[in-house]
Amino acid sequence: MQAGQAEADEAARKALATFSETYWPPLYTFVRRRGYSPADAQDIVQGFFVHLFEHNTLTRADQEKGRLRTFLLGSLQNFLLKQRERMSAIKRGGNQQLVSFDLHLPETEAAMQATAHLDQVSCYDLTWALTVAKRSWQRLHETLVAEGKEQWLDELKPFVAGVGAVPPNQEEVAARLGVPVASLRTWLSRLRQRYRELLRAEVANTVSDPADVNEELRYLHRILMA
Amino acid sequence: MSDRTDGAKNVTESAESNSAVPFATSIPADALPLEAILCTEELRSRPSRPPDYEKENRALAALARALAYSPRTILQTLTETILEITQSDSSGVSLLIPDGKKFYWPAIAGRWTPHIGGGSPRDWGPCGDVIDRNIPLLMRHPERRYTYFLAVSPPPVETLVAPFHLGGKAVGTIWAVMHDDRRKFDLEDERLMTRLSTFASTAYQTLETIDELRFQISEHQKAERAVRVNVCPKCGRPLTQVGPDGECLRCVFDWGFTSETEGSEDPTPSGVEPRPLNYGHFEIEVDAHGIPVALGAGAMAVTYRARDTILNSTVALKVIGRKLAENPTAKARFLREARAAAQIQHPNVARVIHYGEQEGECFYAMELVHGETLEARVQRDGPLPLSLALEVMEQTTRGLAAGEARGVIHRDLKPSNLMIESDRSGQLMVKIIDYGVAKVMAADATVVQTQAGFIGTPAFASPEQFDEPGQQQIDTRSDIYALGVTFWYLLTGRTPFASRSIEEIRTKQTQQLPVEQLKSVHAPAQVAALLKSMLAADPARRPQTALELLRGIRRCYLRLEPAARRRRKRLARSNRRTRRN
């Protein structure tokens, strides 16, 4: 019985680890904008995720029908209020290590610096929106790589986002791939369709009511394009 | 008097700066002393011709115009002016290279033109001696002291060398040479050289200012780019977080989201809006649809029409394919060749003016020729008249001579690499384009192996260019062969060995020339003979140098001289009369 409980705990812990890997950048940015040093901010975010894990808070978030974005921010603000009283207790999240910051810390720091003109909440929202965009974009990569269409994606990618100084030319790319321009446009259209689906799925993961997906998407778009 | 004082100061400075850079002297122990060849004093006793101020001022006004319109060729224009107003046989400019050990000759006019790009040692050359004394010097048979001149053809008899200054310091010389005794330099020549030297200083300083301005502007742009480094080139927003390849995630999100709200398939996906395409400070011109204006495209490179955003002028920008640029050997070779080509400073060679690399691509900018290729001309109007074809040949050969002097071989001479345009006075001007590019491609056998390692254009290539890459003995004579095929094409509208396969061309090259093609266009015997020698399968039987070829072309001209022409016309008229009677 105890063993079963331990396994369930381990599974929950793994799920939370994945979750935290995804969503730590907006939280970290917010704490840094509150004036904490990078080391303290890492401690706090680590402690926050441990706190979520220990209190099973995420399950509650699902049940309470809200948006993950606003729920996490609210919880973090509460956590920050309380943690002043018990700062010593959350050093490095106690003994627990849920988040590994190493991988994307420099770029998150840079992103935080680049959004210094925004208030703390806008900064959090922007980082959140970028995280969602990045995650769905990565999903698209993974899916296409799995299908063996990596090269195909490499050719089409420049049409999607500003990569490098040279703007792509449909005729040239079509000639290089040896397909008519019309086919290239069809591919681009399909790629866009797939990305749109992944983006929706990603946002759907962060809202409890499917009806909120469109509204959340619009909100994130507005934040990004501001 | 004050000039002399300044001069003395310069000598001291010059001597000091030399002693600061220790280097082995190149003066041979048995060299004749300078005094043995100096005859500057003789100038005072020689009868001097009267000054022609009108001509002199006209020449200087032309120089000033050249500076305004084509600053890059000012030195060449200067040497041509020296030649004209001193009535000398050869003239040139020598500049001290930055390490101070050697002079190089960036511009030469007259009979020594093939030696353009050569040089002389700082401590053992007429230029060094003139700079040290800081006055114009006249030398008689300078080759007796500076024995390396013995190899220079034709030999100098008298050389008048004048120093020129930059910011109060002598940095080079201008010189005039006589190759025989038909006329001796006089005091008037010394005065003219001094005046031109003053002009050269001003011109050169102006060029330096232009270069300095360009540098400052490019530094400014670099600084601007550094500030903007974190901005998406497409949406202009900060790149706060990017995708795995640096993609702007805002653009990515927008791309997915916009179609979501539109709910329809957009026939023109975002990302294709026309926007500037830049290589360094060159902006490629795009048409109304945002498509770059390509001037030409080969297997390895595309040439675009582009704008120099600093000088606000139009250039031809050649962008070398990514595949070639990825190969370090080929890339290094490309740079080397671009450098060599950049040093061919000749009116008949389109100048390379900038080299750059950007995001894995190499590019260089060259002078844009506002004309058409000879291939286009012949395709449009048919074969050229003999006089025009000879003019084209002569100018091309002059350009070739300049390349030969720099040790650069073209390797792909053909009508589509020769452009013709008219200068301001309506005179025909031939420009050789794509110098050195073919050789760069040859360096990377893995890239170009379309026809068993062959580089160039088969119909215009010399027999030796078909040899295995390791066994090729390619020199100017290969270019002379290609020029022969070009000449043939200009006169007849076709190539002598037209064929579908390389093997067939190779076989035909060793057989009899199809001279009947020449007869059908009434090519004179001298022209046929010249073509025959240029198209000899054995390189040893062709004209050996561009200069030798030039002499051959000149001989063909004799037939076109007015007297000869009148004779032919008279003959034709009398023939017609005979027929009528």
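1. In this predicted model, strand β1 (residues 90-96) of chain B pairs with strand β2 (residues 102-110) of chain B in the antiparallel sense, through six bridges. Within this pairing, Ser91(B) lies opposite Ala109(B) of β2(B). The two strands β1(B) and β2(B) make a hairpin, with five residues between them. In the turn, Gly100(B) has a positive phi of about 75°.

2. Strand β2(B) is also joined to strand β3 (residues 119-121) of chain B, by three bridges and again in antiparallel fashion. Two of the bridge partners may be named: Tyr104(B) is matched with Gly119(B) in β3(B), and Phe103(B) with Ser120(B) in β3(B).

3. These strands belong to an open sheet of six strands in chain B, ordered β3-β2-β1-β6-β5-β4 and paired antiparallel. The edge strands are β3 and β4 (137-140) of chain B, each of which pairs on one side only. On average, and with direction ignored, neighbouring strands of this sheet are turned by 25° against each other. As a general point, strands of a sheet pair through backbone hydrogen bonds, in either a parallel or an antiparallel arrangement.

4. Which helices lie across strands of this sheet? Helix α4 (residues 74-86) of chain B lies across β1, β2 and β6 (169-178) of chain B and runs at about 60° to β2(B). Helix α5 (residues 126-133) of chain B lies across β1, β2, β3, β4, β5 (158-166) and β6 of chain B, and its direction is at about 55° to β5(B).

5. For chain B as a whole, the secondary structure comprises 18 helices and 16 strands. Of the 581 residues in chain B, 41% are buried. Among contacts in chain B with a separation of 6 or more, 62% are between residues 24 or more positions apart.

6. In chain A, attention is drawn to a pair of helices. The axes of helix α6 (residues 120-146) of chain A and helix α10 (residues 213-225) of chain A come within 9 Å and cross at roughly 110°. Because of this angle, α6(A) is roughly perpendicular to α10(A). The crossing of α6(A) past α10(A) is left-handed.

7. Which residues form the contact between α6(A) and α10(A)? From α6(A), Asp125(A), Leu126(A), Ala129(A) and Val132(A) meet Leu220(A), Ile223(A) and Leu224(A) of α10(A). By class, this contact of α6(A) with α10(A) consists of six nonpolar residues and one charged residue, with no polar residues.

Terms used. Residues numbered from 1 in each chain as written. Chains lettered and ligands numbered in written order. Predicted model: local features only at pLDDT ≥ 70, side-chain atom pairs only at ≥ 80, totals over all residues. Axes fitted to C-alpha atoms, helices over the stretch in contact; angles between N-to-C directions. Helix = DSSP H or I, 4+ residues; strand = E, 2+ residues; numbered from the N terminus. Parallel < 35°, antiparallel > 145°, perpendicular 65-115°, else oblique. Left-handed = near helix turned anticlockwise from the far one by under 90°. Contact = placed C-beta atoms within 7 Å. Nonpolar A, V, L, I, M, F, W, Y, C, P; charged D, E, K, R; others polar. Buried ≥ 20, exposed ≤ 12 C-beta atoms within 10 Å, placed from the backbone. Pairing = 2+ DSSP bridges.
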